[in-house]
Amino acid sequence: MSLYTAELLELLESKMISGPLPSYITGMTMDSRTVTPGDLFLCISGTVADGHTYAEEAWRRGAVLIVAEKEIECLPPSACLVIVKNSLKAMTLLAHHFYGYPSSRMNVIGVTGTNGKTTVTRLIHDILSLSGKKAASAGTLGFLLGQKLTPSPNTTSDILSNLQFLKTAEEAGCHDAAFEVSSQGLLNGRIDGIEFDVAVFTNLTHEHLDYHRTMERYAHAKGLLFSQLGQNINKKKYAVINSDDPWGPYFSSLTPHETITYGLTPSADFYAEQMIMTERGISFLMHSPEGAFPVHTQYIGTFNVYNILAAAAALYASGYKVEKVVSCLPKVLPPAGRMERISGTDGPAVYVDYAHTPDAIGKAINSLLPFKKGKLIIMIGGGNYKDPSKRPLMAREASLADYVVITTNNPGLEPPKKILANFEQGMQHSSYILIENRAEAIRHAVISASKDDIVLLTDKGHETTLLIGTKKVPHSDKAIALEALAEHTDTLMA
Ligand SMILES: CC(=O)N[C@H]1[C@@H](OP(=O)(O)OP(=O)(O)OC[C@H]2O[C@@H](n3ccc(=O)[nH]c3=O)[C@H](O)[C@@H]2O)O[C@H](CO)[C@@H](O)[C@@H]1O[C@H](C)C(=O)N[C@@H](C)C(=O)N[C@H](CCC(=O)O)C(=O)O
Ligand SMILES: Nc1ncnc2c1ncn2[C@@H]1O[C@H](COP(=O)(O)OP(=O)(O)OP(=O)(O)O)[C@@H](O)[C@H]1O
């Protein structure tokens with residue numbers, strides 16, 4: 001793939017060019033470590049590093065054009081440097097042109113909210129795949145095209161990666177793509193200019209307040225997705241809104257486009273009733289603008305009823321028949337590490353989950369309470385200075401369980417004792433224990449369980465590393481729990 005440089009640079013209003021302009025570029029990157037010969041390298045000033053300091057390395061690796069915000073002295077005169085006012089904005093403009101505006105021809109669904117983004121995007125992806133379509137989704141679990149998964153460091157990746165993914169998806173014959181859209185991603189321009197056709201709001205509760213400071217500012221950041229949806233009023237687009245969430249009306253008000261609501265109340269366009277919960281999954285009757293359909297799923301928890309309604313409403317807004325969507329649901333598996341039951345039928349029931357907000361902890365516990373025969377044991381954790389204000393609230397929700405194991409997760413450079421003390425402030429009863437080491441905490445939670453008990457390990461889900469100090473070490477809640485469980489079940493059965 002290549003593009004004439006002169007055509008590309010015409011997009012930039014004010015720029016200063018020095019050095020000989022190459023005729024064309026063959027790629028674009030903002031990371032010197034990924035430069036291949038013929039690339040355009042964009043210097044971005046980040047929070048940890050400054051891309052301008054890597055310009056010379058990029059040039060040595062074969063970048064033929066450097067776009068930056070200032071002069072770069074170490075570049076040789078033979079290098080072509082284009083100076084712009086804002087390289088992030090320039091990158092967005094250039095990238096849309098370079099990748100050929102794929103979102104304008106595709107159906108792009110953006111999913112935002114505090115909890116449920118991964119679950120809803122994966123539901124959309126898997127339902128489409130099961131109905132024989134090539135589907136794409138992007139989020140915390142990575143970029144998924146068909147069944148090919150490429151990991152990504154962020155929930156919402158940078159604009160270059162997003163556009164490259166959309167282009168690859170379009171070329172692979174994919175018409176629909178579902179993106180998880182985080183508040184940080186929105187504020188940092190990671191989805192700027194992408195033409196969304198459907199924007200989904202799941203819920204808004206306490207999270208990331210170290211970053212946003214207030215719920216109003218957090219809501220404003222998430223709302224940018226809905227404002228972006230409103231930019232092209234000539235095209236039919238939809239906002240899909242959880243009408244049971246107190247923030248629902250705020251998000252609907254941000255777009256002039258049609259709103260489709262979902263929830264558990266009959267006034268919603270998509271609503272659920274007659275819910276039957278078993279340990280194997282939820283069944284319910286889904287009312288929709290196309291009629292009522294019985295739904296059977298392998299998901300557990302009322303919160304997943306909301307996620308399923310959100311996915312169904314988003315697919316309906318995308319032109320798919322509700323009956324077809326519902327017919328695929330029994331085969332859709334929940335994403336890895338989300339209320340994933342890792343134990344068999346002998347011994348305690350052990351679940352690995354990704355709940356890391358007060359709301360999610362409360363909902364995860366409530367989803368298991370109907371099946372409780374003995375004790376419910378929960379493990380909660382946190383670390384690395386990530387929104388310490390949510391910790392006492394998480395502990396308060398965790399107090400719904402009979403026994404609470406409080407531990408760290410990715411402690412990073414934060415003192416473990418301080419993390420545990422933060423959680424301890426919110427405990428509502430005295431049946432809890434503080435264990436700094438996460439692996440030890442998992443083993444303790446599992447061996448404290450009797451045959452009829454339930455163990456819920458939260459906060460880590462699918463992740464496979466643990467940040468200790470500045471080092472990432474391999475770690476899996478699931479693997480440690482399975483090992484402890486195998487030994488413990490033998491003892492219980494002996
Ligand atoms: C604070 C923050 O948002 N950081 C994001 C940001 O990194 P940054 O601006 O700090 O980048 P940097 O490391 O300083 O580097 C600056 C520039 O130098 C370049 N560089 C750097 C090193 C080098 O050798 N060569 C080189 O060219 C980099 O490629 C970059 O262009 O841009 C990077 C690329 O897009 C992101 O991966 C990174 O996310 C970090 C990992 C992160 O943890 N972000 C969090 C806050 C976040 O965004 N979280 C939300 C999830 C929220 C949720 O749902 O829970 C998310 O969407 O992931
Ligand atoms: N609709 C929901 N309401 C409340 N809690 C939910 C909901 N959906 C999922 N959860 C809880 O949140 C956890 C994370 O779910 P999911 O990964 O779908 O959310 P997310 O928004 O993608 O999170 P993140 O952006 O942090 O990756 C789940 O393991 C579950 O405990």
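Which residue stands opposite Ser137 in β10? The partner of Ser137 there is Leu144, a pairing that belongs to the 11-stranded sheet described below.

**Basis of the description**

This is a predicted model, in which local features need pLDDT of at least 70, side-chain atom pairs count only at pLDDT 80 or more, and totals for chains, interfaces and linings use all residues. Residues are numbered from 1 along each chain as its sequence is written, while chains are lettered from A and ligands numbered from 1 in the order in which they are written.

**Domains**

The protein chain is divided into domain 1 (3-98), domain 2 (102-331) and domain 3 (340-493); these bounds come from an automatic or database domain assignment. The centres of domain 2 and domain 3, taken over C-alpha atoms, are separated by 28 Å. Their contact takes 15 residues from domain 2 and 15 residues from domain 3, two residues being in contact if their C-beta atoms, placed from the backbone, lie within 7 Å. On the side of domain 2 that touches domain 3, α7 (209-212) and α10 each supply at least two residues. Helices (H or I, at least four residues) and strands (E, at least two) are DSSP runs, numbered from the N terminus. That side of domain 2 has 5 nonpolar, 7 polar and 3 charged residues.

UniProt, in an unreviewed entry, places the feature "domain: Mur ligase N-terminal catalytic" at residues 25-74. Residues 25-74 are 12% helix and 24% strand, with end C-alpha atoms 22 Å apart. For "domain: Mur ligase C-terminal", UniProt (unreviewed entry) lists residues 337-458. Over residues 337-458, the chain is 31% helix and 21% strand, and the end C-alpha atoms are 9 Å apart. UniProt positions are given in the numbering used here, feature names are shortened, and annotations may be inferred rather than shown by experiment.

**The two ligand shells**

A residue is near a molecule if its C-beta atom, placed from the backbone, lies within 6 Å of it. Around ligand 1 there are 20 residues, the closest being Asp31, Gly46, Val48, Asn154 and Ser182. The shell around ligand 1 draws at least three residues from each of domain 1 and domain 2.

Ligand 2 has 23 residues around it, of which Asn115, Gly116, Lys117, Thr118 and Ala355 come nearest. The elements that give two or more residues to this shell are α4 (117-130), α10 (302-317) and α12 (358-368). With 4 residues, α12 gives the most to the shell around ligand 2. At least three residues of this shell come from each of domain 2 and domain 3.

The table gives the make-up of both shells by class. Ala, Val, Leu, Ile, Met, Phe, Trp, Tyr, Cys and Pro count as nonpolar, Asp, Glu, Lys and Arg as charged, and the others, Gly among them, as polar.

| Shell | Nonpolar | Polar | Charged |
|---|---|---|---|
| Ligand 1 | 6 residues | 11 residues | 3 residues |
| Ligand 2 | 6 residues | 11 residues | 6 residues |

**Sheets and hairpins**

Two strands pair if DSSP finds at least two bridges between them. An open sheet of 11 strands has mixed pairing and the order β11-β10-β9-β12-β8-β13-β14-β15-β16-β17-β18. Its edge strands, each pairing on one side only, are β11 (148-150) and β18 (291-296). The twist averages 15° from one strand to the next; axes are lines fitted to C-alpha atoms, for helices over the stretch in contact, and angles run from 0 to 180 degrees between N-to-C directions.

Within this sheet, β9 (residues 135-139) runs parallel to β12 (residues 176-180), joined by 4 bridges, and Ala138 stands opposite Phe179 in β12. Helix α4 packs on the sheet, touching β8 (107-112), β9, β10 (142-145), β12 and β13 (198-201), and its direction makes about 170° with that of β9. Strands β9 and β10 pair in the antiparallel sense over 4 bridges and form a hairpin with 2 residues between them. Strand β10 is in turn joined to β11 by 3 bridges, again antiparallel, with Leu149 in β11 as the bridge partner of Leu144. In the hairpin of β10 and β11, which has 2 residues between the strands, Gly146 takes a positive phi near 60°.

Another open sheet has 5 strands in the order β2-β7-β6-β5-β4, with mixed pairing. Its edge strands are β2 (16-18) and β4 (27-29). Strands β6 (residues 65-68) and β7 (residues 81-83) run parallel and are joined by 3 bridges, with Ile66 opposite Leu81 in β7.
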